[in-house]
Amino acid sequence: MTTLSSRHDTAGWQAIDRRHFLHPFTDTKALRETGTRVIVRADGVWLWDSNGERLLDGMAGLWCVNIGYGRDELAEVAAAQMRELPYYNNFFKTANPPVLALSELLAEVTPAHMNHVMFTGSGSESNDTILRFVRRYWDVRGKPRRKTIISRWQAYHGSTVAGASLGGMTAMHAQGDLPIPGIVHIDPPYWYQLGATQSPAEFGLRAAGWLEQKILELGPETIAAFIGEPIQGAGGVIIPPDTYWPEIERICRKYGILLVADEVICGFGRTGNWFGCETFGFKPDLMAMAKGMSSGYLPIGGVMIADEVATVMIEGGGEFFHGYTYSGHPTCCAVAERNIRILRDERLVERVREDTGPYLQRRWRELADHPLVGEARGIGFIGALELVKDKATRERFAPLGEVGTLCRDFCFANGLVMRAVWDTMIISPPLVMTHAEIDELVSRARRCLDLTAGALGVN
Ligand code: PXG
């Protein structure tokens with residue numbers, strides 16, 4: 001079987017890219033100058049571009065290729081399912097074996113109080129579904145005034161209208177009059193940036209208190225839900241202090257507000273447990289899932305729903321007018337089901353929790369001695385480095401984001417995919433990464449920090 005990759009050389013692909021392709025989140029004019037990098041192949045934790053250069057993928061694609069690249073089982077299961085039943089919908093009293101097998105398996109691997117799932121095609125669609133679901137839930141409960149959803153600045157919940165509104169990215173809000181009504185934001189539990197004068201534990205309680213303040217300001221009877229990523233990923237790997245989530249949960253329960261965990265990044269093992277809410281010790285009412293659910297091999301997402309909440313909707317809600325053509329797509333479900341079984345049977349989550357996660361975190365923290373690094377933090381297989389001008393005062397370089405981009409470009413040119421969020425460097429590698437590959441990741445990261453420092457004249 002031949003693939004498309006041999007059809008053109010790099011220049012040929014780049015020419016097509018310039019003529020026809022609008023990339024996501026990209027300044028097209030600027031990209032035309034540099035030309036795109038064409039990724040043609042991947043295996044394990046490695047990527048190859050069309051010039052044959054090899055890159056260590058410190059981001060697992062886009063936080064998603066949890067089981068690593070090149071797993072034949074997923075290709076085989078997709079091919080077999082496509083031959084048998086590539087597609088059929090689940091709307092009109094029909095279902096298919098993969099969607100049912102996946103539903104059952106998700107009920108097993110998610111927290112015990114969550115046993116019902118609605119399927120989507122992505123994380124954004126999961127959060128759109130959640131917005132509609134929680135408002136409908138309060139209607140069914142006879143409390144239609146409970147409409148507002150509280151989220152956080154620097155949250156990322158997707159790129160659709162509801163996803164971008166729930167997210168707290170001001171640059172996204174500025175393009176297209178977002179957020180839509182009924183969505184408000186509080187500050188994130190970003191200790192390094194906002195909590196310098198307090199201990200992390202004290203700061204965690206203060207940051208959770210911002211939720212209670214917002215609830216009281218708006219009136220508890222108007223609040224439908226609070227939504228948060230256990231760790232804010234795209235916002236810069238903001239890891240809350242341990243005191244934060246239990247206090248958030250207490251506040252939600254006190255005011256009867258639904259607690260939504262966006263597990264699109266943290267889910268399926270990234271923090272060393274199946275879900276981030278388990279790492280931080282809270283029980284969500286709804287959970288958004290995507291990414292690691294299929295390790296990115298095919299697009300699929302879902303919303304996991306707690307029993308009490310599902311019962312209200314099932315017993316009292318009648319038909320919920322919501323769903324997508326691809327909700328419960330048989331081929332995507334078959335691949336997700338096999339992916340989750342691989343995660344479980346190969347004990348990859350336990351490996352991250354007990355072995356490779358602690359090893360990565362130990363090695364990653366060594367980078368804190370670098371002159372540019374103000375903080376090296378992480379949990380499991382997620383990590384961040386704060387690049388600063390002055391470690392003692394935590395002063396950033398000006399303009400914000402320039403040093404991060406410089407470092408990111410050095411990484412990309414030197415065989416390492418590491419992302420920059422402003423001046424925070426972040427990693428989220430495939431969960432299959434070995435000790436030797438972790439060593440390679442950390443040594444490449446250090447080399448690129450050195451190159452960045454050299455370019456800035458810092459030593
Ligand atoms: N929730 C979270 C927590 C995410 O990280 C989404 C929802 C939306 O998922 P979809 O599948 O609709 O993209 C995400 C996605 C980045 C980056 O630059 C992160 C995401 C997407 C694109 C870029 O780090 N996360």
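The following dialogue concerns a predicted model and the reasons behind several terms applied to it.

Visitor: What makes the contact between D262 and the ligand a polar contact?

Guide: A nitrogen atom of the ligand is 2.7 Å from an N or O atom in the side chain of D262. The cut-off for a pair of N or O atoms is 3.5 Å, so this pair qualifies as a polar contact.

Visitor: Which atoms of G123 and K291 approach the ligand?

Guide: For G123, a backbone N or O atom lies 2.9 Å from an oxygen atom of the ligand. For K291, a polar side-chain atom is found 3.1 Å from a nitrogen atom of the ligand. How much of the ligand the protein covers can also be stated: the ligand taken alone exposes 540 Å², and 83% of that is buried by the protein.

Visitor: Why is the ligand said to lie between two domains?

Guide: The shell around the ligand receives residues from both domain 1 (37-67 + 347-456) and domain 2 (73-345), and therefore the ligand lies between them.

Visitor: Which residues of the shell come nearest, and which helix gives the largest share?

Guide: Of the 16 residues around the ligand, the nearest are W63, G123, S124, D262 and R419. Helix 6 provides the largest share, three residues. Helix 3 (60-63) and helix 6 (123-140) each supply at least two residues of this shell. By class, six of the shell residues are nonpolar, six polar and four charged.

Visitor: Why is the pair of Y87 and Y326 called edge-to-face?

Guide: The search of the whole structure finds 11 aromatic pairs. In the pair of Y87 and Y326, the centres are 5.9 Å apart and the planes stand at 90 degrees. Rings pair if their centres lie within 6.5 Å, and planes over 60 degrees apart count as edge-to-face, so both conditions are met here. The two residues are 239 apart along the chain, with Y87 in the loop between helix 4 (72-84) and helix 5 (97-109) and Y326 in the loop between helix 13 (307-316) and helix 14 (330-345).

Visitor: Why does Y87 count as partly exposed?

Guide: Its relative accessibility is 29%. Buried requires under 20% and exposed over 50%, so Y87 falls in between and is partly exposed.

Visitor: How do you know whether Q232 is buried or exposed?

Guide: Q232 has 1% relative accessibility. This value is under 20%, so Q232 counts as buried. Q232 is placed in the loop between strand 7 (223-228) and helix 11 (244-254), and its side chain reaches the backbone oxygen of W153 at 3.1 Å.

Key
Residues numbered from 1 in each chain as written. Predicted model: local features only at pLDDT ≥ 70, side-chain atom pairs only at ≥ 80, totals over all residues. Heavy atoms only, no water. Near = heavy atom within 4 Å. Polar contact = N/O pair within 3.5 Å; in protein donor to acceptor, adjacent residues only side chain to side chain. Areas by Shrake-Rupley, 256 points an atom, 1.4 Å probe, with all protein chains shown as cover. Helix = DSSP H or I, 4+ residues; strand = E, 2+ residues; numbered from the N terminus. Nonpolar A, V, L, I, M, F, W, Y, C, P; charged D, E, K, R; others polar. Domains from an automatic or database assignment. Phe/Tyr/Trp six-rings, centres within 6.5 Å; stacked < 30°, edge-to-face > 60°. Buried < 20%, exposed > 50% of the residue type's maximum accessible area, 1.4 Å probe, protein only.
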